[in-house]
Amino acid sequence: TSTESRVQGTTSAETLLNGLPQIAPNQGQEVSNGSSGTATVDLRGLGPQRTLVLINGRRMNPASAGQPTPDLNNIPVAMVERIEVLTGGASAVYGADAVAGVVNFIMRKNFEGVEVGVQYGFANHDNDDARLLDLIAQREATNPNEFKTPNNTVYDGRIVQVYGIMGANSADDKGNVTLYAQYRNAQPILQSDRDFSACSISTLPPFTVGSQVCQGSSNSAFGRFTSLDNGAGPFIASPTGDMNLAFSGASHNFNFAPYNYLQRPDDRYVLGALGRYELAADMELYAELQFADDRTVAQIAPSGLFRGSGLARGNYLVNCDNPFMDTGNPDSPLDVFCGGDPLGAGNINNPGQALLDIGRRFVEGGPRQDDFRHESFRTVLGLKGALA
């Protein structure tokens, strides 16, 4: 009910629903890697495409051509009177898209007067898990550029929601018109600010000394290069471009976790109107008009040349006469990977080229971002009554 929504302090429909045991979390504000920019509901884990979403008993429109399931970001939470969840038998009435069940949002009706509200919330976390902090500190000691211990206490992820509702009944009490407007703004939460997500915590095989480790990616920010022709490496590139520094996972691994969002930033407007009028004792005219505008950004770590995702044998072919790889020093890539021969005589299969295993994150360009903008118009006009 609307009371539960206020007590829980939630400003999003999917957050309210995810507390129910029959619902498996799907797309929502906490999804960044693989986000569609929408919020969906997934009954019994069968997928949002098998969960039918209704507003006042009528189907909700899909989010977009690329996301053909309803977007719960379009639900005006302040207008919801109650939510009905049915997990069985719905497909007999509604078809295959209701195999998992139906979620029906019932809006407030016959509202009279004016109501305004403001809701403010934020996240508070104490980074006090000694075990996790110790794992991060061990990596920070050898690789301070990539691994950072988060602050003891953090306050972030501020969410503000402002709404207004205005309604009036007709003089004969046979009709009602209700207008509403809702604005929501959310700030991001980064994984770097939590002890459980500042790095990727992996469990090692049984009977291994130290059961867990704070991991990073072998795709280094400095560039990791290994020759598959003569076995030279792995090296990282020095500031002068030489290949004279041996790669060390403890010192040069890339930490991809801190860039990711635990909560995406979001800016959302929902405007609408509901109307009804009783034309006769058994006939009612009704209308529902709504506009929603939502913009959110998903963010993950910088892209790069990922190891094992290139050309031949899953790696990269580089010309031995590449001018950017010759610094004139004995430790230049030409000497290291081509054996000092610019024709690459050591590479039998690809003369003149060096076959390299390269792993490098493009940190200069910053993290990868998906900027999502969804605009939705919903118009419902209907006449309901009894036919003799």
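Let's start with one strand pair. Strand β7, residues 175-186, pairs with strand β15, residues 266-280, in the antiparallel sense. That pairing runs over 12 bridges. Keep in mind that this is a predicted model.

Two positions help you find your way here. Asn176 stands opposite Arg276 in β15. And the bridge partner of Leu179 in β15 is Ala273.

Now the other neighbour of β7. Strand β6, residues 153-169, pairs with β7, again in the antiparallel sense. This time there are 11 bridges. Look for Gly167, which stands opposite Thr178 in β7.

How many residues lie between the strands in the hairpin of β6 and β7? There are 5. Asp173 in this hairpin takes a positive phi, near 60 degrees.

Let's step back to the sheet. It is an open one, formed by 6 strands. Read the order with me: β5-β6-β7-β15-β16-β20. The pairing is antiparallel.

Which strands stand at the edges? They are β5, residues 113-126, and β20, residues 368-385. Each has a single partner strand, so one side of each is left without a neighbour in the sheet. Neighbouring strands of this sheet are turned against each other by 10 degrees on average, direction ignored.

A word of background on pairing. Strands of a sheet pair through backbone hydrogen bonds, either parallel or antiparallel. Here, as you saw, the pairing is antiparallel.

That's the tour. Thanks.

Definitions and conventions: Residues are numbered from 1 along each chain as its sequence is written. This is a predicted model: local features need pLDDT of at least 70, side-chain atom pairs count only at pLDDT 80 or more; totals for chains, interfaces and linings use all residues. Side-chain values use heavy atoms; hydrogens and water are left out. Two strands pair if DSSP finds at least two bridges between them. Helices (H or I, at least four residues) and strands (E, at least two) are DSSP runs, numbered from the N terminus. Axes are lines fitted to C-alpha atoms, for helices over the stretch in contact, and angles run from 0 to 180 degrees between N-to-C directions.
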